[in-house]
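Here's a quick tour of the charged side-chain pairs in this one, plus a stop at one polar residue. Have the viewer open as you read.

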Amino acid sequence: LSCMLKDFKNKSTAYNGKKAVDMIMSAMDQDEPYDLILLDISMPSMDGIQVLRIIRSAEKIAKKANHSKVIMTTGLNSDKTILNAFGNGADAYLVKPIKYDNLFQKFGKLLGGL
């Protein structure tokens with residue numbers, strides 16, 4: 001994914017779930033939440049579903065009218081995994097290997113076009 005997003009100026013990368021939560025919570029605390037978050041379901045220290053639950057809980061507590069759009073990414077193409085992601089507040093889901101066109105189609109749909 002990093003190579004697909006190389007031309008985006010405002011992006012951040014976390015290499016594990018705990019770092020992702022820290023970055024997302026810091027952005028929310030500064031009242032500058034991320035517009036779009038790509039979360040891998042399989043991450044070290046905390047999986048993507050756990051991170052997603054924390055994000056949605058924090059947004060609910062903060063009473064944010066507009067929540068960050070979250071695209072879950074994974075190599076796990078199972079109905080159970082997909083339903084779990086959407087059940088926990090994912091806005092979209094992409095199965096690896098991720099194709100450039102599919103990724104940017106999701107961006108456009110979630111963010112109103114690019």
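What follows goes through the salt bridges, then turns to a threonine. Keep in mind that the model is predicted.

**Salt bridges**

The count for this model comes to four salt bridges. Three of them are listed here, among them two that involve arginine 56.

| Pair | Closest N to O distance |
|---|---|
| Aspartate 22 and lysine 18 | 3.2 Å |
| Glutamate 59 and arginine 56 | 2.8 Å |
| Arginine 56 and aspartate 91 | 2.8 Å |

Start with the pair in helix α1, which runs over residues 17-29. Aspartate 22 and lysine 18 sit four residues apart there, about one turn of the helix. How exposed are the two? Aspartate 22 has a relative accessible area of 39%, so it is partly exposed. Lysine 18 comes out at 47%, and therefore counts as partly exposed too. The cut-off for exposed is over 50%, and buried needs under 20%, which means that both values fall in between.

Now on to helix α2, residues 48-62. Glutamate 59 and arginine 56 are three residues apart in this helix, again about one turn. Are they buried or exposed? Both glutamate 59 and arginine 56 are buried.

Arginine 56 has a second partner, aspartate 91, with the closest N and O atoms 2.8 Å apart. This pair links distant parts of the chain, since 35 residues separate arginine 56 in helix α2 from aspartate 91 in the loop between α3 (79-87) and β3 (92-95). Arginine 56 has a relative accessible area of 15%, so it counts as buried. Aspartate 91, on the other hand, is at 24% and is therefore partly exposed, as buried means under 20%. Through shared partners, the salt bridges join Arg56, Glu59 and Asp91 into one network.

**Threonine 81**

Next, the threonine. Threonine 81 is found in helix α3. Why does threonine 81 count as buried? Because its relative accessibility is 17%, and the cut-off for buried is under 20%.

Which side chain does the side chain of threonine 81 make a polar contact with? That would be serine 78, at 2.6 Å. Looking further along the chain, and leaving aside neighbours within four places in sequence, threonine 81 is in contact with Ile41, Leu76 and Tyr93.

Technical notes
Residues numbered from 1 in each chain as written. Predicted model: local features only at pLDDT ≥ 70, side-chain atom pairs only at ≥ 80, totals over all residues. Heavy atoms only, no water. Salt bridge = Lys/Arg side-chain N within 4 Å of Asp/Glu carboxyl O. Helix = DSSP H or I, 4+ residues; strand = E, 2+ residues; numbered from the N terminus. Buried < 20%, exposed > 50% of the residue type's maximum accessible area, 1.4 Å probe, protein only. Polar contact = N/O pair within 3.5 Å; in protein donor to acceptor, adjacent residues only side chain to side chain. Contact = heavy atoms within 4.5 Å.
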